[in-house]
Amino acid sequence: VETLLRERGPAFFAGRVVLDLGCNSGFVTFLVATLGAARVEGVDIDVATISQALKRLRYLKREGYCTLPSVSELPRGDARFPKALVQNRGIAPYI
């Protein structure tokens, strides 16, 4: 993410829908949300790290961070990720 931000600038994520595969405890997921993404979803197979991410999200909301998108700000229409991406068994291709 650091290289991407250096090359494209922080506005790169503004208004985009981002899928963070292997999000771990959500650090990058929350970073992208604060950079203006319209929607960010973090996915991980480790229940313990997802639990940490949810605790961090609750903390940020409790502290009043307003840069995190709320449900009312989500884009309208079909905002699902492509089925081919969900069914990918290896490294997700750049789309």
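**Local features of the predicted model**

At 55% relative accessibility, R6 counts as exposed. In this predicted model, R6 takes part in a salt bridge with E2, the N to O distance between the side chains being 3.4 Å. E2 is likewise classed as exposed, because its relative accessible area of 61% lies over the 50% cut-off. Both residues belong to helix α1, where a spacing of four residues places E2 and R6 about one turn of the helix apart.

The search of the whole structure returned two salt bridges. Besides the E2 and R6 pair, the side chains of R39 and E41 meet at an N to O distance of 2.3 Å. The two partners fall into separate accessibility classes: R39 is buried, at 10% relative accessibility, whereas E41, with a relative accessible area of 31%, is partly exposed.

Ahead of helix α1, which spans residues 2-8, lies the segment that holds V1. V1 is partly exposed, since its relative accessibility of 42% falls between the limits of 20% and 50%. Together with F27 and V28, V1 makes a nonpolar surface patch of about 270 Å².

Aromatic pairing is confined to one pair in the structure. This pair is formed by F12 and F13, whose ring centres are 5.2 Å apart and whose planes make an angle of 80 degrees. The arrangement is edge-to-face, because the angle of 80 degrees is over the limit of 60. Both F12 and F13 are buried.

The loop between β1 (17-21) and α2 (27-34) contains S25, and N24 is located in this loop as well. N24 is not a glycine, yet it has a positive phi of about 60 degrees. Most residues other than glycine have a negative phi. In terms of accessibility, N24 is partly exposed, its relative accessible area being 42%. S25, by contrast, is buried, because its relative accessible area of 17% is under 20%.

Beyond residues up to four places away in sequence, S25 touches F30, T49, Q52, A53 and R56. Of these contacts, the one with Q52 joins positions 27 residues apart along the chain, with a C-alpha separation of 5.4 Å. Q52 is part of helix α3, which covers residues 47-62. While S25 is buried, Q52 is partly exposed, with a relative accessible area of 44%.

Confidence was also examined along the chain. The mean pLDDT of the protein chain is 75, and 68% of the residues reach 70 or more. Over residues 69-74, however, the pLDDT is below 50, and the model gives this stretch seven contacts beyond near neighbours in sequence. A further stretch, residues 83-95, also stays under a pLDDT of 50. For residues 83-95 the model has six contacts beyond four places in sequence. Where pLDDT is low, the predicted coordinates should not be read in detail.

Notes. Residues numbered from 1 in each chain as written. Heavy atoms only, no water. pLDDT = per-residue confidence, 0-100. Contact = heavy atoms within 4.5 Å. Patch = residues over 30% accessible without salt bridge, like charges linked within 9 Å, V, L, I, M, F, W, Y side chains within 5 Å. Areas by Shrake-Rupley, 256 points an atom, 1.4 Å probe, with all protein chains shown as cover. Salt bridge = Lys/Arg side-chain N within 4 Å of Asp/Glu carboxyl O. Helix = DSSP H or I, 4+ residues; strand = E, 2+ residues; numbered from the N terminus. Buried < 20%, exposed > 50% of the residue type's maximum accessible area, 1.4 Å probe, protein only. Phe/Tyr/Trp six-rings, centres within 6.5 Å; stacked < 30°, edge-to-face > 60°.
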